[in-house]
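Colleague: I'm new to reading structures, so could you walk me through this one?

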Amino acid sequence: IDPSNPFAALTAPRPISPNENIFQYEATGHLNGDVLFFGIDQHSYKQFGFFLGYLYSNFTCDAPANAGFAQSAYSNWGEAARPESLSRNRAFLFGNLNLPRKLQLSVQMDAQSGQPYNITTGADNNGNGVFNDRPSYASAAGEGVYATRFGLLSVNAVDGNVPRNLGAMPSLVHLDANLSRSWKIGSQKDDNPRNLALDLRSANLLNHTNISAVGTIVSAPTFSQPLAAESARRLELGIRFNF
């Protein structure tokens, strides 16, 4: 089959029976890029301590996640892209603060730029049995052409020329905090010391909307729109008694 003819995949004879494909996995792939990290660590003071870090990652990989398939069985064009789980920018903070009345506050923050997602047509355009086909860029409006923030995209394509993982999810921000107070019960000379601790914990303290999924099919009305999100702010009150 001529790899330069994308329509050849639709009409090529199958080795067993019509419309049945044989897939071959390749156990290798290519990953390359750069990593930059900055960190500040402060734990020498008695009243507070913190660790602040920033991570920049710029990787390109031509192996889709979860043993995924390339768009075309005859070409690897457009497959080299940012890995699905990679956020280019990420900042994080771990801190603790000793407050009056023996209260202790600890916080954990993580903020990261959006992870990529693959833009698809929602159909098996090249007939290989895998629904990961990507659209092509269009120069003019018409049937099957959609105006998006990525430009005009046409679903009337076999092995489209839009690269893999072109889209980007919204950024994520997590801030968790814990306020605690503990009391010793009994005398200092007690061979079996007892301790009572009270905790007020919060997950997603800022109540930031952390989108976990968006529409990836360019022809769908939900394309690039949020479809799912992580949990909203949650408060928990806990008590522990150690004896």
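Modeller: Sure, and keep in mind that this is a predicted model. Let's begin with Arg-240, which is partly exposed, with a relative accessible area of 44%.

Colleague: Which residue does Arg-240 meet in a salt bridge?

Modeller: Look at the side chains: there's an N to O distance of 2.6 Å in this pair. Arg-240 sits in strand β14 and its partner in strand β11, so the pair ties together parts that are 41 residues apart in sequence. The partner is Asp-199.

Colleague: Is Asp-199 buried or exposed?

Modeller: The cut-off for buried is under 20% relative accessible area. Asp-199 has 6%, so it counts as buried.

Colleague: Which residue does Arg-201 meet in a salt bridge?

Modeller: Here the N to O distance is 3.4 Å. This pair also runs from strand β11 to strand β14, with its residues 35 apart. Arg-201 is partly exposed at 32%, and the partner is Glu-236.

Colleague: How many salt bridges turn up in the whole structure?

Modeller: One of them joins Arg-90 and Asp-110, at 2.6 Å from N to O. That one links strand β3 to strand β4, 20 residues apart. A search of the whole structure gives seven.

Colleague: And away from the charges, how many residues make up the largest nonpolar core?

Modeller: In soluble globular proteins, nonpolar side chains tend to be buried together. In this model, the largest nonpolar core includes Tyr-117, Phe-150, Met-169 and Ile-211. Ile-211 is also in contact with Pro-170 and Leu-172, among others beyond its neighbours within four places in sequence. The core's total is eleven.

Key
Residues are numbered from 1 along each chain as its sequence is written. This is a predicted model: local features need pLDDT of at least 70, side-chain atom pairs count only at pLDDT 80 or more; totals for chains, interfaces and linings use all residues. Side-chain values use heavy atoms; hydrogens and water are left out. A nonpolar core is a set of buried Ala, Val, Leu, Ile, Met, Phe, Trp, Tyr and Cys residues joined through side-chain atoms within 4.5 Å. Buried means under 20% relative accessible area, exposed over 50%, partly exposed in between (1.4 Å probe, protein chains only). Contact means heavy atoms within 4.5 Å. A salt bridge is a side-chain nitrogen of Lys or Arg within 4 Å of a carboxyl oxygen of Asp or Glu. Helices (H or I, at least four residues) and strands (E, at least two) are DSSP runs, numbered from the N terminus.
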